[in-house]
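I opened a new notebook page for this one. My plan is to look things up one at a time and write down what I find.

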Protein chains: 2
Amino acid sequence: MIGRLNHVALVVDDLKAATATYRDTLGADVSEPQPLPEHGVTVVFVNLPNTRIELLEPLGDGSPVSRFLEQHKNGGIHHICLEVDDITAAAASLEAKGARVLGDGTPKIGAHGNPVLFLHPKDFHGCLLELEHVGE
Amino acid sequence: MIGRLNHVALVVDDLKAATATYRDTLGADVSEPQPLPEHGVTVVFVNLPNTRIELLEPLGDGSPVSRFLEQHKNGGIHHICLEVDDITAAAASLEAKGARVLGDGTPKIGAHGNPVLFLHPKDFHGCLLELEHVGE
Ligand SMILES: [Co+2]
Ligand SMILES: [Co+2]
């Protein structure tokens, strides 16, 4: 069912400083910061040859990553995102196997404009997994 | 300096169950478990089209991932590994920029037989980064 690793998401304490770390200290190709108010984050994409790292900073009140940053003061690895070619079928198959989809169980439009869902970390050995629909 | 994402490492509470989760629930290609006593872990490789997930379980006394599992009872995302073409040059460049290499500062032979090093999470916004030498 799962395909490529679409991205690894890191929550960071200071997006400007983290961007400089990846660009200047590690020599990576980084994007401009992109505010995504509807997702409660500002994101910088670190483009690697085979996948991406996303640097996330909370944006606005009630950001979904604020609590993570309270618990991990410097930041940390927040989730990994795996691609699926049919997210509706994936959600049905996962729920039939007893895995819980977070929220109301239906895919939402994610940061890249594709439908995404998040799976309960307790059903995946403590790892927060995002699934992203990329089509066939 | 950095190249491909070589792997994402997850520490899991139960390697057999986690392998079944990735194989049966998520439909991924998984390897047999490989005990690496010199690294204090047993590893299962989850082969994705563009990179790998490594599932790690502590092996023996003093495993480097035991304390992580005490702090994250179900498991969690432990580190990400980025490839470099010259790890000696990378270590020198990083230290010159003030980033700390863990341990005695010199690369060690890692789980894939290549030289690796780990960078201090406090210098990388809470993320434990491994660098792996893959040559030119
Ligand atoms: Co994501
Ligand atoms: Co590793």
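Through which surface do the copies meet: the same one or different ones? I looked this up before anything else, keeping in mind that the model is predicted. I found that 100% of the interface residues of chain B are also interface residues in chain A, so the copies meet through the same surface.

**Entry: symmetry.** I laid chain B on chain A. The fit takes a turn of 180 degrees and a shift of 0.0 Å along the axis, and the RMSD is 0.0 Å. The two copies are thus related as by a two-fold rotation axis. Next I asked which residue of chain B comes closest to that axis. N50(B) does, with its C-alpha at 3.0 Å.

**Entry: core.** I went to the largest nonpolar core, which has 64 residues. Those with the most contacts inside it are Y22, L55 and L131, listed for chain A and for chain B. I then checked what Y22(B) touches, leaving out residues up to four places away in sequence. From chain A, Y22(B) touches C127(A) and L129(A). From chain B, its contacts include L10(B), V30(B), V46(B), I53(B) and L55(B). I also noted G27(B) and A28(B) among the residues touched.

**Entry: metal.** Which residues of the protein hold the cobalt ion (ligand 1) as donors? I found H7(A) and H79(A), each through NE2, and E130(A) through OE. These donors lie 2.0 to 2.1 Å from the cobalt ion. I wrote down the sequence spacing of the donor residues as H-x71-H-x50-E. H79(A) sits in strand β6 (residues 75-84) of chain A and E130(A) in strand β9 (residues 129-133) of chain A, so this pair ties together parts that are 51 residues apart in sequence. Are H79(A) and E130(A) buried or exposed? I have both down as buried.

**Entry: strand β9(A).** I stayed with the strand that carries E130(A). Four of the five residues of β9(A) are buried, so the rest of the structure largely encloses it. I looked up its partners. β6(A) pairs with β9(A) in the parallel sense, over five bridges. In that pairing, E83(A) has E132(A) as its bridge partner. Strand β8 (residues 115-119) of chain A runs antiparallel to β9(A), and four bridges join them. Here V116(A) has E132(A) as its bridge partner. I underlined E132(A), as it partners E83(A) and also V116(A).

**Entry: strand β4(A).** How many of the seven residues of strand β4 (residues 41-47) of chain A are buried? I got six, and I noted the strand as mostly covered. I then listed its pairings.

- Strand β2 (residues 29-30) of chain A pairs with β4(A) in the antiparallel sense over two bridges, and V30(A) has V46(A) as its bridge partner.
- Strand β3 (residues 34-36) of chain A is joined to β4(A) by three bridges, also antiparallel, with P35(A) opposite T42(A).
- Strand β5 (residues 52-58) of chain A pairs antiparallel with β4(A) over seven bridges, with V46(A) opposite I53(A).

I checked the turns last. β3(A) and β4(A) form a hairpin with four residues between them. In that turn, G40(A) has a positive phi of about 70 degrees. β4(A) is joined to β5(A) by a hairpin through four residues.

Notes. Residues numbered from 1 in each chain as written. Chains lettered and ligands numbered in written order. Predicted model: local features only at pLDDT ≥ 70, side-chain atom pairs only at ≥ 80, totals over all residues. Heavy atoms only, no water. Donors = N, O, S within 2.8 Å, 3.2 Å for Na, K, Ca; no water. Buried < 20%, exposed > 50% of the residue type's maximum accessible area, 1.4 Å probe, protein only. Core = buried A, V, L, I, M, F, W, Y, C linked by side-chain atoms within 4.5 Å. Contact = heavy atoms within 4.5 Å. Pairing = 2+ DSSP bridges. Least-squares fit on C-alpha atoms with pLDDT ≥ 70 in both.
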